[in-house]
Amino acid sequence: CSMSGVAAVQRALTRGYWDHVGVVIKFATGQIGILEAMGMVGVALCAWQEFMDNRYFELYPKLAIRKVTFPRTDENMREFTKFVREIIGKPYKISFSKLMRRDSSTGPRNQDFYCSELVANCWKQLGILVNKSEGEDLGSETTYRPGTWYWPSTFSASSKVALPLMPGVVLGDEFLIDFNIS
């Protein structure tokens, strides 16, 4: 959770604790990166070492991670890698008209992102969240939602709204990362 006034307003409006969300990625090399959409930067992938070296953690008094277990296939990992390469550098944008959108653009035709929209679309690419055609196949117990429906707090363990997960997906607990421990 961040300290800005805009973030505080967002937390109040969404009744959530978290105001920013990203995707932690582990590369084949074993290195860790954070994929996120930020106001001044747009969509960026930051290596964990760069995050630590530049003390970016000081922007957030609290940071948590949540492990997602899902069926990984060569195909969905290739498609996700392709998707990430296509969206790096896309601008950040959130607007009322975007929030009212009822379709879901998960490919390169989506020209801009806000943080939770980016995470939702990444999770759809990976087969974690229900995508439109899959939601129709799974029936009424699993609801499709466009990427613009999600807020950072939606991904929290304390969210009052259940995420529409694909079969076989398990969300772990939230683990707080405390950068103040010596």
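Let me begin with one residue, I65, which lies in strand β4, the stretch covering residues 63–69. Please keep in mind, as we go through this, that what you see above is a predicted model. Is I65 buried or exposed, or something in between? With a relative accessible area of 40%, I65 counts as partly exposed, because that value falls between the 20% under which a residue is called buried and the 50% over which it is called exposed. I65 also belongs to a nonpolar surface patch of about 350 Å², which it makes together with V24, I32 and F175.

From I32 we can move on to the strands, since strand β2 takes in residues 32–38, and it runs antiparallel to strand β3, residues 42–47, with six bridges joining the two. The connection from β2 to β3 is a hairpin, made through three residues, and within this pair L35 stands opposite L45, the latter being in β3.

Now for the chain as a whole. The protein chain has six helices and five strands, and if you follow the sequence from its beginning, they come in the order α-β-β-β-α-β-α-α-α-α-β. Of the 182 residues in the protein chain, 42% are buried. Turning to the outside, the protein chain exposes about 10,700 Å², and 55% of that area is supplied by carbon and sulfur atoms.

Lastly, how much of the contact pattern comes from residues 24 or more positions apart? Among the contacts in the protein chain with a separation of 6 or more, such pairs account for 59%.

Note on methods:
Residues are numbered from 1 along each chain as its sequence is written. This is a predicted model: local features need pLDDT of at least 70, side-chain atom pairs count only at pLDDT 80 or more; totals for chains, interfaces and linings use all residues. Side-chain values use heavy atoms; hydrogens and water are left out. Helices (H or I, at least four residues) and strands (E, at least two) are DSSP runs, numbered from the N terminus. Buried means under 20% relative accessible area, exposed over 50%, partly exposed in between (1.4 Å probe, protein chains only). Contact means heavy atoms within 4.5 Å. Accessible areas come from the Shrake-Rupley method with a 1.4 Å probe; for residues, only the protein chains shown count as cover. Patches are made of residues with over 30% relative accessible area and no salt bridge: like charges are joined within 9 Å, nonpolar side chains (Val, Leu, Ile, Met, Phe, Trp, Tyr) within 5 Å. A salt bridge is a side-chain nitrogen of Lys or Arg within 4 Å of a carboxyl oxygen of Asp or Glu. Two strands pair if DSSP finds at least two bridges between them.
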